[in-house]
Every structure is written in structure tokens, then in C-alpha cells.
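The following report describes a structure in running text, from its backbone to its ligand. Please look at the sequence and the model before reading on.

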Amino acid sequence: MNIVMFGPPAAGKGTQAKMLVAKHSLLQFSTGDMLREARVSGTERGRKVSGIMDRGELVSDEIVISLIDEQISLNQDSHGFIFDGFPRTIAQAEALDALMNLYDSQIDLVLSLKVDDSSLVNRITKRFTEEGRADDNPESFKVRLNAYNTQTASLLPYYSSKGKLFEVDGMLSINEVSILINEALNNKSKGLI
Ligand code: ADP
């Protein structure tokens with residue numbers, strides 16, 4: 001099964017993706033993690049994206065699509081993939097569909113975590129104090145939220161029209177959200193959703 005974890009920044013996509021990986025032996029592809037690794041290892045790609053990420057803007061479609069393309073082609077023996085933080089634009093979603101098609105596969109389920117803006121701000125303020133991630137500062141976070149609303153949220157109707165969207169209340173506790181997600185996966189594999 002191939003899953004997209006969808007939602008605004010700080011919705012809990014990465015946390016839930018990691019829990020699914022542990023339970024269902026899926027491979028997690030986080031474009032945010034891949035880009036941070038590229039920065040740490042000082043590659044040309046890393047240098048290119050550094051300022052963009054710190055400001056909270058989106059990295060170009062070309063860069064993130066090529067990262068995902070590489071990973072999909074290298075991991076064809078996997079049980080399935082969880083995409084976390086990708087796609088974030090319609091162009092990325094179309095590229096992902098084309099890539100999955102190329103391997104006779106498809107996106108089965110898009111799990112959309114719904115969290116209201118004031119809770120997102122509270123979560124990020126807390127994380128900034130605890131972990132100090134550069135793009136969690138209030139200015140960059142505003143830009144990230146704006147990027148989500150203007151460029152990423154349009155993927156909701158894209159996936160909904162394909163019957164792939166499943167909404168989850170991301171305001172609940174981590175364990176409660178995880179239970180809802182596992183129910184959705186079970187229902188999906190039984191053909192109930
Ligand atoms: P979050 O979802 O919490 O905002 P991520 O770790 O997914 O954080 O992403 C951090 C940053 O990496 C984004 O603000 C953006 O600059 C870049 N990024 C990650 N994924 C993508 C993507 N699919 N398209 C464009 N930029 C991306």
C-alpha cells in the first residue's frame with residue numbers, strides 16, 4: 001500500500017508516518033528530511049536549498065521530484081511507501097502519479113491531518129524553544145503556513161476527486177490519531193473506503 005501523509009506544517013505527519021513504518025514495514029520518504037540531510041552533507045543541492053528552507057519557502061518542484069524519483073526507483077522491492085511532506089504542489093502530485101504509473105503502482109490512500117492554525121502555532125512555538133529548528137521561528141513559520149494555504153491545500157480537491165482522500169482529526173492525541181489511521185488502513189485493505 002502506498003500512502004501520502006498530508007497536512008499543514010506541524011500537523012504530525014512525520015510522527016504518524018514513523019508509527020506506520022514500524023507497524024506495516026513500509027518505507028518512509030520525507031522530502032524535508034532528505035533536504036536537511038543534503039544540507040548537512042554540504043552537497044550542491046544542499047547549498048542551493050538552504051536559504052529557501054530557512055525562510056520557509058518551497059524548494060523547486062524539480063529538486064524534490066528528482067529526490068523522490070531516485071528513491072522510488074531504488075526501492076522497488078519495498079512493501080509500499082509513505083510519502084511525508086510530498087507532494088506539496090499540483091505539479092508534484094502529477095509527477096508522483098506518473099512515477100507510480102511507471103512502476104505499475106499507484107497512491108492508494110491520502111491521509112489528511114486536520115489541525116487548526118492556532119494549535120499549529122502553539123506546537124511550533126514549543127518546538128522552536130525545545131529544538132531550535134531554524135525554520136520554526138515565527139517569521140518563517142508564517143511563510144510555511146502561507147505556502148501550505150496557497151500552494152499545497154489545492155491538493156485536497158485533487159485527491160478527493162480521485163476518491164483517495166481520508167480526513168483524520170489531527171487535534172487528538174498522538175495515540176488516538178494513530179488508532180484512526182490504522183482503522184483507515186484496515187478499511188482500505190478490505191475495500192470499505
Ligand atoms: P513541515 O512539514 O513541518 O513544514 P518539512 O520537514 O516537511 O516540514 O519541510 C521543511 C522545508 O523543506 C519546507 O518548508 C520546504 O522548504 C522544504 N520542503 C520539504 N518538502 C518539500 C516539497 N515537497 N516541496 C517543496 N519544498 C519542500
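Ala10 lies in the loop that runs between strand β1 and helix α1 (13–24), and in this predicted model its phi is near 75 degrees, a positive value in a residue other than glycine. A second backbone feature is found at Pro87, which is placed in the loop between β3 and α5 (90–102); the peptide bond that leads from Phe86 to Pro87 is cis, with omega near 0 degrees. Both features deserve mention because most residues other than glycine have a negative phi, and most peptide bonds are trans.

The loops holding Ala10 and Pro87 border on β1 and β3 respectively, and these two strands are also joined to each other: three bridges link β1 (residues 3–6) to β3 (residues 81–84), and the two run parallel. Within this pair, Val4 stands opposite Phe83 of β3.

The wider arrangement is an open sheet of five strands with parallel pairing, in which the order is β2-β3-β1-β4-β5. Because β2 (27–30) and β5 (165–169) stand at the edges and each has a single partner strand, one side of each is left without a neighbour in the sheet. On average, and with direction ignored, neighbouring strands of this sheet are turned by 20 degrees against each other.

Turning to the ligand, the space that it takes is the largest pocket. The ligand is surrounded by 20 residues, of which the closest are Thr31, Arg36, Glu57, Gly85 and Gln92. Helix α2 (residues 31–40) contributes four residues, the largest share of the shell around the ligand.

Which atoms of Val59, Arg88 and Gln92 lie at a short listed distance from a nitrogen atom of the ligand? The table sets out these contacts.

| Residue | Protein atom | Ligand atom | Distance |
|---|---|---|---|
| Val59 | backbone N or O atom | nitrogen atom | 3.0 Å |
| Arg88 | N or O atom in the side chain | nitrogen atom | 3.0 Å |
| Gln92 | polar side-chain atom | nitrogen atom | 2.9 Å |

Beyond these individual contacts, the protein covers 96% of the 550 Å² of accessible area that the ligand has on its own. Gln92 therefore appears twice in this account, since it is among the closest residues to the ligand and has a polar side-chain atom 2.9 Å from a ligand nitrogen atom.

Terms used: Residues are numbered from 1 along each chain as its sequence is written. This is a predicted model: local features need pLDDT of at least 70, side-chain atom pairs count only at pLDDT 80 or more; totals for chains, interfaces and linings use all residues. Side-chain values use heavy atoms; hydrogens and water are left out. Two strands pair if DSSP finds at least two bridges between them. Axes are lines fitted to C-alpha atoms, for helices over the stretch in contact, and angles run from 0 to 180 degrees between N-to-C directions. A residue is near a molecule or strand if one of its heavy atoms lies within 4 Å of it. A polar contact is a pair of N or O atoms within 3.5 Å; within protein, one must be able to donate a hydrogen and the other to accept it, and residues adjacent in sequence count only if both atoms are side-chain atoms. Accessible areas come from the Shrake-Rupley method with a 1.4 Å probe; for residues, only the protein chains shown count as cover. On a 1 Å grid over the protein atoms alone, a cavity is a set of points where a 1.4 Å probe fits but cannot get out, and a pocket is an open set with protein on both sides within 12 Å along at least five of seven lines; lining residues have an atom within 4 Å of a point. A molecule sits in a cavity or pocket if more than half of its atoms lie within 2 Å of its grid points.
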